[in-house]
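Open your viewer, keep the selection tool handy and follow along stop by stop.

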Amino acid sequence: MIRVITPDEFWDHPEVHELIKGYEAECHLTGLPPPNPDVQMYHALHQMGALKVLASFTDDKITGFAVVMVSPVAHYSTRLAVMESLYVDQKHRHGGTGWRFIKMAEAVALEAGATGLFVSAPVGGKLEAAMNDNETGYA
């Protein structure tokens with residue numbers, strides 16, 4: 001099950017720290033510093049309505065997460081969303097969990113008034129390969 005949760009709910013789960021380590025090992029984007037989550041910034045952006053945390057659960061434990069940020073883009077006079085992070089624990093990668101995160105992120109973005117969702121993936125990773133499949137609608 002995937003649902004939107006608050007930053008407090010996310011950071012209060014002890015397994016999140018291991019998930020963050022897995023995210024860093026697999027999803028680090030070249031050219032950016034190592035992940036260093038700013039918990040206070042998560043809270044502030046959430047309070048402003050600019051950040052949504054999505055989490056997948058198995059037996060009340062978080063097994064994956066995605067963070068969606070929505071912000072105005074003055075050049076286009078609209079709001080756009082960015083999937084700031086997406087990670088599913090290796091033991092729980094089955095049955096399309098990653099795609100369910102992306103589809104839920106799209107819905108969250110539309111609900112927040114965004115006209116689109118940007119999703120990035122590390123070069124050479126599984127998500128990049130899946131997103132380049134012409135049937136997904138991403139390129």
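Is Phe65 buried or exposed? Select Phe65 and look: its relative accessibility is 2%, so Phe65 counts as buried. (Buried means under 20% relative accessible area, exposed over 50% and partly exposed in between, with a 1.4 Å probe and protein chains only.)

Before moving on, two notes on reading the numbers. This is a predicted model, in which local features need pLDDT of at least 70 and side-chain atom pairs count only at pLDDT 80 or more, while totals for chains, interfaces and linings use all residues. Residues are numbered from 1 along each chain as its sequence is written, and side-chain values use heavy atoms, leaving out hydrogens and water.

**Stop 1: the whole chain**

Colour the model by confidence. pLDDT is the predictor's confidence in each residue, from 0 to 100. The protein chain averages a pLDDT of 88, and 86% of the residues score at least 70. Confidence is highest in strand S2, at a mean of 97, and lowest in helix H5 (residues 126-131), at a mean of 64.

Now switch to a cartoon view. You should find five helices and five strands, in the order β-α-α-α-β-β-β-α-β-α along the sequence. Helices (H or I, at least four residues) and strands (E, at least two) are DSSP runs, numbered from the N terminus. Of the 139 residues in the protein chain, 37% count as buried.

**Stop 2: around Phe65**

Go back to Phe65 and show its surroundings. Contact here means heavy atoms within 4.5 Å. Leaving aside neighbours within four places in sequence, Phe65 is in contact with Phe10, Leu19, Ile20, Tyr23, Leu54, Ala55, Ser85, Leu86, Tyr87 and Phe101.

Next, select Ile5, Phe10, Ile62 and Phe65 together. These are the residues with the most contacts inside the largest nonpolar core, which has 19 residues. (A nonpolar core is a set of buried Ala, Val, Leu, Ile, Met, Phe, Trp, Tyr and Cys residues joined through side-chain atoms within 4.5 Å.) The elements giving two or more residues to this core are helix H1 (7-12), helix H2 (16-27), helix H3 (39-47), strand S2 (51-58) and strand S3 (61-73). H2 gives the most, with five residues. Another core, of 17 residues, lies apart from this one; Ile2, Leu86, Leu117 and Val119 are among its members.

**Stop 3: the aromatic rings**

Show the side chains of Phe10, Trp11, Tyr23, Tyr42, Phe65 and Tyr87, which ring pairs link into a cluster. The structure holds five aromatic pairs. Rings of Phe, Tyr and Trp (its six-membered ring) pair if their centres lie within 6.5 Å; planes under 30 degrees apart count as stacked, over 60 as edge-to-face and the rest as tilted.

Zoom in on Phe10 and Trp11. Their ring centres are 4.9 Å apart and their planes stand at 80 degrees, so this pair is edge-to-face. Both Phe10 and Trp11 are buried. Then turn to Tyr23 and Phe65: with centres 5.9 Å apart and planes at 50 degrees, the pair is tilted. Tyr23 lies in helix H2 and Phe65 in strand S3, so the pair ties together parts that are 42 residues apart in sequence. Tyr23 is buried too, with a relative accessible area of 15%.

**Stop 4: helix H2**

Select residues 16-27, which make up H2. Which residues of H2 are buried? They are Val16, Leu19, Ile20, Gly22, Tyr23 and Cys27. These residues cover an arc of only 160 degrees around the axis, which puts them on the same side of H2. (The arc is that of the directions from the helix axis to the C-beta atoms.) They pack against H1, S3 and strand S4 (78-88). Rotate to the other side of H2, and you will meet the exposed Glu18, Lys21 and Ala25.

**Stop 5: helix H4**

Finally, select residues 97-111 for H4, which has 15 residues. Its buried residues are Thr97, Phe101, Ile102, Ala105, Val108 and Ala109. Seen down the axis of H4, they fall within an arc of 140 degrees, so they line one face of the helix. The face turned away from that buried side carries the exposed Leu110 and Glu111.

Pause at Thr97, which counts as buried at 9% relative accessibility. Not counting residues up to four places away in sequence, Thr97 touches Ile2, Ser56, Val88 and His92. Just after H4, end your tour at Gly113, which takes a positive phi of about 90 degrees.

Terms used
The expected span of a helix is 1.5 Å times one less than its number of residues.
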